[in-house]
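Let us walk through this structure together, from the whole chain down to single residues. Keep the viewer open as you read.

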Amino acid sequence: MASALEKLEQIQGTLAEIKERTPDVSISRFVASVLDDSPGTEHAPSEWKIGDDDDAGAGHGRRRAEELRCDDARPCAPALKMDWAACVLPLHGEDAHFGHAEAGVVGVADGVGGYRDRGVDAGAFARALMANALATAERVANAKAPKLLPRLCPMKVLERAYKNAATSGTPGGSTAAILSLHGAALRWAYIGDSAFAVFRGGEIIHRSVQQQRGFNEPYQLSARGCGGSLAEAKVGGMPAAEHGDVVVMATDGLFDNVHDWQLERAVRMGTELGFSPKNMADIVAGLAYAISNNSWACSPFGIGYLKKYKEVWHGGKQDDITVIVAYLVSEDS
């Protein structure tokens, strides 16, 4: 699997940067450690000979579970900003994404592949949703001074994006997930199996729930209203994110292939090594790609297939893979 990761042209820049900054780190060893099938195995930072410039991960130390409650409201929590990057590894070209750092909002969408069999561009609706969402974020960012940016409501952004895509007659259907940051508060809205997780100290403190009517049958939005509706979207928030929190948002090309404990291990190791958001997005997407092409992997998709059909699915699931990684950092940093 490491060789598959290292051959991806899309992430050669990340691999070169990691090698230059931390020459003692072996990418193949990093990947092998993440994909080790022992969830309880912990990573020892000293093995990686972290350099002096790796203080970027200083805010990510392991915390006791009782200290990580999402409902731990802190009225005076310092304002944060979002430093984000994305990696896209296309297969069918049906994923889409957007992000706007100043407005503090990111999103992903995954066109429903079943439309492909009908001769329809299965990625069209996903691209329309994300293009419309980005347009909303840009209008908000351009209308106000940076310090006076209004709170973007992910559900309202999704509603407007959907309305514009549907009324324009864009074909197909899509899942979608949108997340915004305002001050120290995270808010989200999503439908289907595009998902996200919030990490603190390398541990997941919030994980979205995949919406599926049945195995591999996600809720979706479409111009014809087939498969789901905005009323079924999950809406929520986290009142007090912290400096050093990490958000990983992705289409099911990631979450069908990579277990949560593997994601935790990758995020923990990456922050300890001072990975940039782009480094992290590339590595996480590369891990998903490696698993998707490994016929011996025990993937979340394979486990779901066994539960549904009582038959063994060999390996991962090949699909478009889109990963966004957002670091939440103090506005003063």
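What you see here is a predicted model. Its chain has nine helices and 13 strands. Of the 333 residues, 53% count as buried. The accessible surface comes to about 14700 Å², and carbon and sulfur atoms supply 50% of that area. For a feel of how the chain meets itself, take its contacts with a separation of 6 or more: 75% of these join residues 24 or more positions apart.

A good place to begin is helix α5, residues 154–167. With 14 residues at 1.5 Å a residue, α5 should span 20 Å, and the end C-alpha atoms are indeed 20 Å apart, so expectation and model agree. Which residues of α5 are buried? They are P154, M155, V157, L158, A161, Y162, A165 and A166. Viewed down the axis of α5, these buried residues fall within an arc of 155 degrees, which means that they line one face of the helix. The spacing along the sequence has a familiar background: an α-helix has 3.6 residues a turn, so residues three or four places apart point the same way. On the face of α5 turned away from the buried side you will find the exposed residues K156, K163 and T167.

What do the buried residues of α5 pack against? Their partners are helix α4 (124–143) and the strands β4 (173–182), β5 (185–191), β10 (221–222) and β11 (234–238). After α5 comes G169, with a positive phi near 80 degrees.

One of those partners, strand β4, holds L181. At 7% relative accessibility, L181 falls under the 20% limit and therefore counts as buried. Although L181 and K81 are 100 residues apart along the chain, their C-alpha atoms are separated by 7.3 Å. Leaving aside neighbours within four places in sequence, L181 is in contact with L80, K81, M82, A103, G104, L186 and L328.

Now turn to helix α9, residues 300–309. The buried residues of α9 are F301, G302, G304 and Y305. They cover an arc of only 160 degrees around the axis, so they sit on the same side of α9. Just after this helix, K310 takes a positive phi of about 60 degrees.

Helix α9 also leads us to the aromatic rings. A pair of aromatic rings is described by the distance of the centres and the angle of the planes. The model has 10 aromatic pairs. In one of them, F215 and Y305 meet edge-to-face, at 6.1 Å centre to centre and with 75 degrees between the planes. This pair links distant parts of the chain: F215 lies in the loop between β8 (212–214) and β9 (217–218), whereas Y305 belongs to α9, 90 residues apart. Is Y305 buried or exposed? Its relative accessible area is 19%, under the 20% cut-off, so Y305 is buried. F215 and Y305 are also members of one aromatic cluster, together with F301, Y309 and W313.

Rings meet charges too. R213 lies over the face of Y219, at 4.1 Å from the ring centre. Elsewhere, the charged end of R118 sits over the ring of Y115, 4.6 Å from its centre.

Y219 turns up again among the contacts of Q212, a residue of strand β8. Not counting residues up to four places away in sequence, Q212 touches D193, E217, P218 and Y219. Q212 and D193 are 19 residues apart in sequence, and their C-alpha atoms are 6.9 Å apart in space. At 27% relative accessibility, Q212 counts as partly exposed.

Two further buried residues round off the tour. D319 lies in the loop between α9 and β13 (321–330), and D319 is buried with a relative accessible area of 15%. Beyond its neighbours within four places in sequence, D319 is in contact with L89, L91, H92, D110, D252 and G253. N279, found in helix α8 (residues 277–292), is buried with a relative accessible area of 0%. Which residues does N279 contact, leaving aside its neighbours within four places in sequence? They are T14, E17 and I18.

How values were computed:
Residues are numbered from 1 along each chain as its sequence is written. This is a predicted model: local features need pLDDT of at least 70, side-chain atom pairs count only at pLDDT 80 or more; totals for chains, interfaces and linings use all residues. Side-chain values use heavy atoms; hydrogens and water are left out. Helices (H or I, at least four residues) and strands (E, at least two) are DSSP runs, numbered from the N terminus. The expected span of a helix is 1.5 Å times one less than its number of residues. Buried means under 20% relative accessible area, exposed over 50%, partly exposed in between (1.4 Å probe, protein chains only). The arc is that of the directions from the helix axis to the C-beta atoms. Contact means heavy atoms within 4.5 Å. Rings of Phe, Tyr and Trp (its six-membered ring) pair if their centres lie within 6.5 Å; planes under 30 degrees apart count as stacked, over 60 as edge-to-face and the rest as tilted. A charge sits over a ring if NZ of Lys or CZ of Arg is within 6 Å of the ring centre and within 35 degrees of the ring normal. Accessible areas come from the Shrake-Rupley method with a 1.4 Å probe; for residues, only the protein chains shown count as cover.
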